[in-house]
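Subject: Structure for your review

Dear colleague,

Please find the structure below, handed over for your own inspection. My findings follow it.

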Amino acid sequence: MPLLEFGHINFGYGSGELFHDLNGWIFANDCIALVGRNGVGKTTLLRLAAGTLAPQSGEVRLKQSVLRSMKQREIAKLVAFVPQNVDLPFSFTAEQFVEQGRTPFLKMFGGLGVADRKAIERAMGLTDTWSLRFRVFNELSGGERQRVKIALGLAQQPQLLLLDEPMQHLDIGRQFEMIDLIGTLRREGIAILASMHDLALIEGVFTSVWLLSPDEPMRQGSPREMLHPAVLEDAFNCPPRHRPRLVERTRNRMELAI
Amino acid sequence: MAREVAVVQASIAREGGQELRLRWLLGGLSASLVLAMLVAAGMGAVQVPLRRLVESALGMSTLSDDQRTILFVIRIPRIVAAALVGSGLSVSGLLFQGLFRNPLADPYVIGSSGGALLGASIGVFLLPAVSIAGFGTTALLAFAGAIGSIVLVYWLASVNGRTPVVSLLLAGFAVSTMLSYSSYFLETLDQGFGQGMHVLSSWLHGTIGQPTWPQLAIVSVMLGIGLAGSVPLARRLNTLALGEEYATHLGISVQQTRIAVILIGSILTAAAVALGGLISFTGLIIPHILRMILGPDHVRLLPATALAGALFLLLADTAARTIIAPAELPVGVLTAFIGGPFFLFLLRKARREVLS
């Protein structure tokens, strides 16, 4: 039984169609990298999975329930969406930020209980952000902020984590930390769908790749199949004169992976 | 496992410590408020010693008729009014700051007070404000005016769900100026009694005059509704601070929350304006100072803001009516003197932090 299912999704903003009859399944132990050129709809697909956008036709199903008929609170207990950028107007601490992940579990007038505190502490423990808890979120470094954002998602105790460009703006050391964190999350049994910009970071971390290209059905396969120069050249619309560069990059990737 | 338990316990203990701090602050504010009310009741052209007040309250002695009149007709209504107005302005400031996701929002700055004033002026010029029904209608019109202006400013100032400081201030300034001067326009249409003119003039200066007990009762009810309505909104404002998308994802209905904040904030603004007129910056200073002490959590800020706002405006109003006695200063002048520089300081800071 898939955890999340995209069934015959059609979606577009305004007149342009972004997805036509898109299909895909996410199972419990999947760790999927979502790739494709800029503007192809990676973030949109994550929003469809999070229930903050609804498809124009077709259905997204979460544990076989139609997502658009579910309450957002109920969705947020199963699926956590970690956006690319957060812009906080006040100086909330990292812990107060992560506490917001418990919102779907709180009653109208209720505060945080012991179970909520435990979930927050565990989320911050897994992301190694517990020591940052009294720091002001806006004063954290990019890598720290990224981990605290993921901690908010984990405080929702989700079964599926949607990450929008988790590696962006991270230096190489922080990227390796993020790779370790994704490994930790997989061991926790959380399924992951992450949009990825840097193809170099996919292999050895993600179990499969979803490749979006405009006006074509989404392609799915193992990283080894999908990160092939011929596939990428087409999907990313690389000019042919850059083929040697692309081949070199993907070959390096293969060697690194071995 | 043991570590985990210890950590959770530590977290709960720290939470307990913060709780204690908040409790101390609330206790301190309540006590100061009561004390300030007693002291303020004794102050003025006719001095009534604090001891006499306490004794008479406990039935141990009686006050002279003159003292009684001064206290119950003049001073106590005014003291209660100052506390209500301060509380209403501060809490609506807190709500609007959360709504606009901008620490510089304030009912005066964003034009909500101006809207309430225009609404109230219509009431005053069309209806006799001294009657209970008249004042009730005036308050209702102030409420409508406050809602209208905040919706307008929000619509004018928001860019992709955010209200940048500059557009918020400009839209607020323009709307507020237009609305305040529209009230002057109403004044010229007012033929006859001069009653309306007097009321309007004291509103524009931000004077807490001589409210009657029925007027205070109406405003108390509005404030009560406003405060009670703010309680479930406070936590939502915390989540809303993460941005519209995040809040929606976490199960907060953003649109409903916004409408609720506008309604509740406007009730509070209208309550304050109906008694005190245009009193500037109170809604800005009080939440800001408390945010420095308690942090940005709206749940913790709400009760503290309600109390501190009442205390602040009571002190300011008492100062306004005594520092140049026997003449009186409109309290709006005083809050402008205190709040203006404070606002500019924040704006300067915001230029570095928010706008950069």
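What share of the contacts in chain B with a separation of 6 or more is accounted for by residues 24 or more positions apart? In this predicted model, the share is 77%.

Chain B

Chain B contains 13 helices and zero strands. Of its 356 residues, 49% are buried.

Helix α8 of chain B, residues 213-240, deserves a separate remark. With 28 residues at 1.5 Å a residue, α8(B) should span 40 Å, and its end C-alpha atoms are 39 Å apart, so the expected and actual spans agree. The helix nevertheless has a bend of about 40 degrees, located at P232(B).

Domains of chain A

The domain assignment divides chain A into domain 1, made up of 4-78 + 158-257, and domain 2, covering 88-157. Between the C-alpha centres of these two domains of chain A the distance is 25 Å. Where the domains meet, 14 residues of domain 1 of chain A are in contact with twelve residues of domain 2 of chain A. On the domain 1 side, α2 and α6 (172-187) of chain A are the elements that give two or more residues, and α6(A) provides the largest share, five residues. By class, this side of domain 1 of chain A comprises seven nonpolar, two polar and five charged residues.

Contact between the chains

Chain A and chain B each contribute 24 residues to the contact between them. On the side of chain A, α2 (72-76) and α4 (114-126) each supply at least two residues. That side of chain A consists of twelve nonpolar, seven polar and five charged residues.

The nonpolar core

The largest nonpolar core has 172 residues, and the members that touch the most others are V79(A), L162(A), A270(B) and A271(B). Helix α3 of chain B, residues 65-100, gives the most to this core, namely 15 residues. From chain A, domain 1 and domain 2 each provide at least three residues of this core.

Which residues are in contact with V79(A), leaving aside its neighbours within four places in sequence? They are A49(A), A50(A), L62(A), P158(A), L160(A) and L162(A). L162(A) thus appears both among these partners of V79(A) and among the core members that touch the most others.

With kind regards

Definitions and conventions. Residues are numbered from 1 along each chain as its sequence is written. Chains are lettered from A and ligands numbered from 1 in the order in which they are written. This is a predicted model: local features need pLDDT of at least 70, side-chain atom pairs count only at pLDDT 80 or more; totals for chains, interfaces and linings use all residues. Two residues are in contact if their C-beta atoms, placed from the backbone, lie within 7 Å. Helices (H or I, at least four residues) and strands (E, at least two) are DSSP runs, numbered from the N terminus. Ala, Val, Leu, Ile, Met, Phe, Trp, Tyr, Cys and Pro count as nonpolar, Asp, Glu, Lys and Arg as charged, and the others, Gly among them, as polar. Domain bounds come from an automatic or database domain assignment. A residue is buried if 20 or more other C-beta atoms lie within 10 Å of its own, exposed if 12 or fewer, and partly exposed in between; C-beta atoms are placed from the backbone. The expected span of a helix is 1.5 Å times one less than its number of residues. The bend at a residue is the angle between axes fitted to the seven residues ending there and the seven starting there. A nonpolar core is a set of buried Ala, Val, Leu, Ile, Met, Phe, Trp, Tyr and Cys residues joined through C-beta atoms within 7 Å.
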